[in-house]
Structures are given as C-alpha cells and as structure tokens.
Amino acid sequence: MKLLKIGMIGVLVGGLLVACGKDEINSKVVSKVTGAEDIEKEEVAANEHPEFLPQTKEWTAETLAEFNRPPEERFDEAGNDVGLVYYIKTQEAIESMSQNIHPEEVGDEDFSNLRLLAARISHNQFVRTAHIEDTGKEKTNLDYVKDWKPVPESTEMSFEYMKRLLNDLDVAINKNGEGETFGVSHLMDGDKVKELETFFTHSYDE
C-alpha cells in the first residue's frame, strides 16, 4: 500500500510539474506574441499621418488649385501683368491661411516658409512700383501698369517655390503622405528643404 501511495503521489507530482511547465511555456509564448503585436502597432502608428482639421484640408487643396491655374485666367483683374497676378494670389493665400491654419495642429515651419516667400513677392511688387509712389500705394494701381518695372526673376522663383511647397503640403494633409512631392516640406521630411530655405538668404535681383 505504501508503495502504491508513493507511486500515485509521484504520478500526481509529475503531472503537476508538466502542467506548470506548459503554463510557463504558454505564458512565454503569449508574452512574445503580445510584445510582437505591440511593436507592430507602434510601427504602424509611426507611419500613420495625423488627421487634419477639415478647414486645413480645404485651404490646402483650394490654395494649391489656385496656384496651379494659369496666371492668364486672372489677367482681367491684373492688367495682363503676371507679376501682379502672383502678388494677388500670394496675398490672398496668406490672408486666408491666417484664418484657417493652426500652427499647433500642423507645425509652423512650412507655413512660415510660405509667408517668407509671399513677403519676397510683395517686396518685389513694391520695388516695381515705388518710383511712381514711394509709399507703396501703387502696388495694385493699374493706371500706371505700363510704367511698372519688369517682373524680377526672384518673383517667379518665389511663386514656383510656393507652388511646390503647397503641393507637398497637399500630399501630407490630403493624401496621407502618398503622392509625388518636390521635397520642400518639413511635414514630409523633404530632402530639399535646405535648398528652399537657402533661397531666403540669397540676394536675388529686385
């Protein structure tokens, strides 16, 4: 009887040890699977772009569309002067940007660059007309459009950079980062941001 009892006890103990071993193995497997899932979730979250406010999306898409329209479409209101068209479009963009874009949502670096580019265009338009009225009141006075100085190259370059930056922002904000970019946006970690920002420090023709 003693031997039988000892044998039964041994079987029970062995069973418990096996069960404990399985539980430990299962626990490790679950832990590894859970850890892998967490890492995968973190990687997915890192690759996802934030959800932007409706007015941010709308402003970006509409402003890009306006910049992509041929300047000739607004010649009637700009006296057939492409420089004035660029000036009008950039001023409209910056004014509406201040009402619709919140830096805390998107960061201010790209939008600050848009403002700097628009400021260059505004300055150039002032220089083109300052000889007529040095207070700058003649920047949009079509009565003297024939006397304005030629559109400087830096106006063309500034407008082109604004268009490229708006394109990259549209990809980031409206297309979840999917699409062709020019590499000039901080939001998209563009590889030509430095090239754009170097443009501000160069002294171009006025």
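This passage describes the fold, two helix pairs, one buried arginine and two loop residues of a predicted model.

The chain is helical in its regular secondary structure, with 8 helices and 0 strands. Read along the sequence, the pattern is α-α-α-α-α-α-α-α. The chain has 206 residues, and 33% of them count as buried. Contacts across long stretches of sequence were also assessed. Among contacts with a separation of 6 or more, 60% link residues 24 or more positions apart.

Two packed helices are described by the angle between their axes and the distance between the axes. Helix 7 (residues 153-174) was examined against two partners, beginning with helix 4 (residues 82-100). The axes of helix 4 and helix 7 come within 10 Å. They cross at roughly 40°. Angles under 35 degrees count as roughly parallel and 65 to 115 as roughly perpendicular, so helix 4 and helix 7 are oblique to each other. Their crossing is left-handed. On the helix 4 side, the contact is made by Val82, Tyr86, Lys89 and Thr90. Helix 7 meets them with Thr155, Glu156, Phe159 and Met162. By class, this contact has 4 nonpolar, 2 polar and 2 charged residues.

The other partner is helix 2 (residues 54-68). Its axis and that of helix 7 come within 9 Å and cross at roughly 145°. This crossing, too, is left-handed. Helix 2 contributes Thr56, Lys57, Trp59, Thr60, Ala61, Thr63, Leu64, Phe67 and Asn68. From helix 7 come Phe159, Met162, Lys163, Leu166, Asn167, Leu169, Asp170, Ile173 and Asn174. The contact of helix 2 with helix 7 has 9 nonpolar, 6 polar and 3 charged residues. Phe159 and Met162 of helix 7 meet helix 4, and Phe159 and Met162 also meet helix 2.

Arginine 128 was examined next. This residue lies in helix 6 (residues 109-129). Its relative accessible area is 3%. Buried means under 20%, so arginine 128 is buried. Two polar contacts involve its side chain. One, of 2.8 Å, joins the side chains of arginine 128 and aspartate 81. Another, of 3.0 Å, joins arginine 128 to the side chain of glutamine 125. Neighbours within four places in sequence were then set aside. On that basis, arginine 128 is in contact with Asp81, Gly83, Leu84, Trp148, Lys149, Pro150, Val151 and Pro152. Asp81 thus appears both in this list and as a polar partner of the arginine 128 side chain.

Backbone geometry was considered last. Most residues other than glycine have a negative phi. Asparagine 176 has a positive phi, near 55°. Aspartate 189 also has a positive phi, of about 50°, although it is not a glycine. Asparagine 176 is found in the loop between helix 7 and helix 8 (193-199). Aspartate 189 lies in the loop between helix 7 and helix 8 as well. Their accessibilities were computed separately. Asparagine 176 has 46% relative accessibility and so counts as partly exposed. Aspartate 189 has a relative accessible area of 69%. Exposed means over 50%, so aspartate 189 is exposed.

Technical notes:
Residues numbered from 1 in each chain as written. Predicted model: local features only at pLDDT ≥ 70, side-chain atom pairs only at ≥ 80, totals over all residues. Heavy atoms only, no water. Helix = DSSP H or I, 4+ residues; strand = E, 2+ residues; numbered from the N terminus. Buried < 20%, exposed > 50% of the residue type's maximum accessible area, 1.4 Å probe, protein only. Polar contact = N/O pair within 3.5 Å; in protein donor to acceptor, adjacent residues only side chain to side chain. Contact = heavy atoms within 4.5 Å. Axes fitted to C-alpha atoms, helices over the stretch in contact; angles between N-to-C directions. Parallel < 35°, antiparallel > 145°, perpendicular 65-115°, else oblique. Left-handed = near helix turned anticlockwise from the far one by under 90°. Nonpolar A, V, L, I, M, F, W, Y, C, P; charged D, E, K, R; others polar.
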